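Student: Hey, I've got a protein open on my screen and I'm not sure where to begin. Can we go through it together?
Tutor: Sure, let's start from the inside and work outwards.

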Amino acid sequence: YVYTDRSAYLPGQPVHIRGLIRTVANDQFVVPTKKKYRLDVYDARNRVIHNVDVVTGDFGTFHEFFTLPESAAPGDYRVLACDVDGKTYAGPFRVEHYRIDPVQLTIDVPRTT
């Protein structure tokens with residue numbers, strides 16, 4: 001399972017990637033500890049915009065972060081983790097041009113606590 005901390009990003013924002021890797025042996029899930037993976041991030045035009053080697057920890061997980069370029073085109077991006085055996089794990093995210101509207105929240109409770 002490869003995923004990012006958000007489903008959509010603005011160009012120039014940091015992207016935090018986590019991976020939770022499991023393999024199967026003898027009809028059981030196996031945690032691959034200290035295994036090296038090549039992590040590639042592809043943009044909407046299928047070009048590599050970030051690549052790095054990552055190593056899983058004691059629980060079969062890895063994490064990485066990078067900053068999207070300011071010129072990142074909107075569209076569907078994907079993260080791909082590959083090991084030396086040719087097994088791949090992928091996860092998607094989007095880059096959009098959006099604006100977050102300001103919100104004001106007031107909480108009025110009948111009594112103090």
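**Inside and outside**

Tutor: This is a predicted model. In its largest nonpolar core there are 20 residues, and I17, F62, L68 and F93 touch the most other members.

Student: Which elements give two or more residues to this core?

Tutor: Those are β3 (14-20), β6, β8 (61-67), β9 (75-82) and β10 (88-95).

Student: OK, and what does F62 touch, skipping residues up to four places away in sequence?

Tutor: Quite a list: V2, I17, R18, G19, I21, L39, V54, V55, T56 and A81. You'll spot I17 there, which is also named with F62 among the core residues that touch the most other members.

Student: Let me back up a bit. How many helices and strands are there?

Tutor: There are 0 helices and 10 strands. Reading from the N terminus, you just go β-β-β-β-β-β-β-β-β-β.

Student: And how much of the protein is buried?

Tutor: Of its 113 residues, 33% count as buried.

Student: What about the radius of gyration, compared with a compact globule?

Tutor: The protein has 19 Å, while a compact globule of 113 residues would have a value near 13 Å. The C-alpha trace spans about 60 × 45 × 20 Å along the principal axes.

Student: New topic: R45. Where is that one?

Tutor: R45 sits in the loop between β6 (36-42) and β7 (48-55).

Student: Buried or exposed?

Tutor: R45 is exposed, because its relative accessible area is 57% and the cut-off for exposed is over 50%.

Student: How far is R45 from F62?

Tutor: They're 17 residues apart in sequence, and their C-alpha atoms are 26 Å apart in space.

Student: There's also R22. Where's its place?

Tutor: R22 is in the loop between β3 and β4 (23-25).

Student: Why does R22 count as partly exposed?

Tutor: Because its relative accessibility is 31%, and partly exposed covers what lies between the 20% and 50% cut-offs.

Student: What does R22 touch, again leaving out residues up to four places away?

Tutor: F29, V30, V31, P32, F59, G60 and Y89. As for T33, that residue is 11 places from R22 along the chain, with 9.8 Å between the C-alpha atoms.

Student: Last one, charges. How many positive and negative side chains are there?

Tutor: There are 14 positive and 14 negative, and the centres of the two sets lie 1 Å apart.

Definitions and conventions: Residues numbered from 1 in each chain as written. Predicted model: local features only at pLDDT ≥ 70, side-chain atom pairs only at ≥ 80, totals over all residues. Heavy atoms only, no water. Helix = DSSP H or I, 4+ residues; strand = E, 2+ residues; numbered from the N terminus. Rg over C-alpha atoms; globule rule 2.2 N^0.38 Å. Buried < 20%, exposed > 50% of the residue type's maximum accessible area, 1.4 Å probe, protein only. Lys, Arg positive; Asp, Glu negative; His and termini not counted. Charge placed at Lys NZ, Arg CZ, Asp CG, Glu CD. Core = buried A, V, L, I, M, F, W, Y, C linked by side-chain atoms within 4.5 Å. Contact = heavy atoms within 4.5 Å.
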